[in-house]
Amino acid sequence: MKFEIQTTDTASSARAGTFTTAHGDVQTPIFMPVGTVASVKAVHQHELKEDIKAQIILGNTYHLYLRPGTEILEKAGGLHKFMNWDRPILTDSGGFQVYSLSDIRKVSEEGVRFQSHIDGSYHMFSPEYSMEIQRKIGADIIMAFDELTGIPATYREAKRAMHVTHRWLERCRTWLNENPPLYGYNQTLFPIVQGNSFEDLRVESAKYVADFGADGNAIGGLSVGEPEDVMYNIAGLVCEILPKDKPRYLMGVGTPWNILENIALGVDMFDCVMPTRNARNGMLFTWNGVMNMKNAKWKDDFSPLDESGTSYVDSAYSKAYVRHLFVAKEYLGKQIASIHNLAFYLDLVRVARQHIIAGDFNQWKEQTVPKLKQRL
C-alpha cells in the first residue's frame with residue numbers, strides 16, 4: 001500500500017493524503033462505514049457507492065468468522081465478491097469483539113478462548129488464526145490481533161496487555177510472511193498501539209509500532225467510555241510518535257466533533273457504528289447540530305429533512321414524514337436516517353479535506369465544532 005500526503009495544515013497536524021490499495025484509492029481524512037456482517041445495516045451497496053460516496057468500508061472478523069463462516073467466503077472468492085463491493089475493505093482482527101465478551105472469554109499467551117454470542121459454542125482466536133481468517137475474508141487492510149483493556153484499568157494490567165499485543169504482532173507478521181495471498185492481491189497489516197490511558201505506556205507502544213515498519217498504523221483502546229480530553233491527549237501523543245509518512249487510523253471514533261478534533265491531531269482514518277446505530281434510534285447528525293427525529297417539534301415541519309444534506313433522502317423526505325416513520329415504528333425511517341448520517345459523515349471528512357488543502361482547516365474547525373454539538 002502506498003500513501004502520499006498532498007497537504008499539511010500549518011495551524012494543526014491535519015493532513016490531506018491518498019492511499020492506494022488493490023481495490024482503489026482512498027482520499028484522507030476518511031470515515032469508513034461499518035459493515036459488520038458483510039452489510040452496512042439498512043443500506044444497499046449501490047447507496048454506499050453512489051449516494052453516501054463511501055470510499056472504503058469495514059468488516060468484522062469475529063462476526064464474519066461466525067456467520068457466514070470463512071469456508072463460504074473463500075468459496076465466494078472473498079468478501080468483495082460475496083457482498084458485491086469492488087472498493088477497498090478493512091477488517092478488524094476480532095480483538096475488540098472478544099474483549100467485549102468479558103464474561104465468556106479467557107485470555108492466555110496463546111490467544112483468547114471465547115464462547116459464541118450466537119450459540120455458546122467455544123472458539124479460540126490466536127494471532128495466527130486471526131490472520132488466517134482475515135486472509136480468507138480478503139480485506140485490503142487487515143488489523144493485527146491485539147488485547148485491549150477498558151478505561152480505567154490498573155497500570156499493571158494495561159502494561160501486561162500492551163506487551164502481549166506486541167508479542168502477538170510479531171506472530172501476525174510471521175504467519176503472513178509464511179502464507180501467500182489467496183485472491184491475487186496483497187493485504188496490508190496495520191499494527192495497533194495500546195497502553196490504555198497511561199502516557200508512558202502509550203509512548204512505549206507507539207515507538208514499538210513505529211519501529212515495526214508497517215505501511216499504516218492504528219491507535220486502539222480509545223472511545224471506550226473515557227472522557228474526550230483523555231482521548232485527545234492520548235491520540236495527540238501517539239500521533240507525534242507514529243511515522244508522518246504512513247496513514248494513522250483511530251479505531252472506533254466517533255462523534256462528528258471527535259473526528260474533526262482528531263483530524264487536527266494528525267489522524268487520517270476513522271470508523272464507528274455511531275452514525276448507523278444512532279440513526280436507528282432517530283438521532284440525525286447535521287452541520288447545524290443534532291436532531292432527535294422522535295421529538296414532537298417535527299410533527300408538522302414539512303421542510304426537507306436536511307437542507308444542507310448531500311444525500312437524496314435529505315431533499316426527498318420531510319422532517320414530519322421521517323418523524324412519523326419513527327413514531328409508527330416503520331423500518332423505512334431507520335433506513336432513511338442511516339443513509340443520511342453516513343452521507344453526512346462522508347461529507348464531513350470531505351469538507352475537512354477541502355479546508356486542509358485550502359489552508360484554513362483549524363480556523364474552520366474551531367467555528368464548526370460548536371455548531372455540530374448543538375441540539376436542535
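A strand, in the sense used here, is a DSSP run of E with at least two residues, and strands are numbered from the N terminus. By that definition Met-32 is found in strand β4, which covers residues 30–32. The model being described is a predicted one, and Met-32 offers a starting point from which to look at the rest of the chain.

Is Met-32 buried or exposed? A residue counts as buried when its relative accessible area is under 20%, and Met-32, at 0% relative accessibility, is therefore buried. Leaving aside residues up to four places away in sequence, Met-32 touches Ile-56, Ile-57, Leu-90, Tyr-249, Met-269, Phe-270, Asp-271 and Cys-272. One of these partners, Phe-270, lies 238 residues from Met-32 along the chain, and yet the C-alpha atoms of the two are separated by 6.0 Å.

Contacts between distant parts of the sequence can also be considered for the chain as a whole. Among its contacts with a separation of 6 or more, 68% are accounted for by residues 24 or more positions apart. Buried residues make up 55% of the 376 residues.

Tyr-249, which is among the residues that Met-32 touches, leads us to the largest nonpolar core. This core has 108 residues, and Tyr-249 and Ile-263 are the ones that touch the most other members. Helix α14, residues 331–358, provides the largest share of this core, with 13 residues. Ile-263, again without counting residues up to four places away in sequence, touches Ser-13, Ala-14, Pro-29, Phe-270, Val-349, Ala-352, Ile-356 and Phe-361, and Phe-270 also appears among the residues that Met-32 touches.

Ile-263 is also one of the buried residues of α10, a helix that spans residues 256–265 and is mostly covered, with eight of its ten residues buried. Alongside Ile-263, the buried residues of α10 include Pro-256, Trp-257 and Leu-260, as well as Asn-258 and Asn-262. Just after this helix comes Gly-266, which takes a positive phi of about 115°.

Stepping back to the whole chain, we find 15 helices and 17 strands. The radius of gyration is 20 Å, close to the 21 Å that the globule rule gives for 376 residues, so the chain is as compact as a globular protein of that length. Taken along the principal axes, the box filled by the C-alpha atoms is roughly 60 × 50 × 40 Å.

At the surface, the accessible area of the chain comes to about 15300 Å², and carbon and sulfur atoms hold 49% of it. The chain carries 40 positive and 44 negative side chains, and the centres of these two sets lie 4 Å apart.

Note on methods. Residues numbered from 1 in each chain as written. Predicted model: local features only at pLDDT ≥ 70, side-chain atom pairs only at ≥ 80, totals over all residues. Heavy atoms only, no water. Helix = DSSP H or I, 4+ residues; strand = E, 2+ residues; numbered from the N terminus. Rg over C-alpha atoms; globule rule 2.2 N^0.38 Å. Buried < 20%, exposed > 50% of the residue type's maximum accessible area, 1.4 Å probe, protein only. Contact = heavy atoms within 4.5 Å. Areas by Shrake-Rupley, 256 points an atom, 1.4 Å probe, with all protein chains shown as cover. Lys, Arg positive; Asp, Glu negative; His and termini not counted. Charge placed at Lys NZ, Arg CZ, Asp CG, Glu CD. Core = buried A, V, L, I, M, F, W, Y, C linked by side-chain atoms within 4.5 Å.
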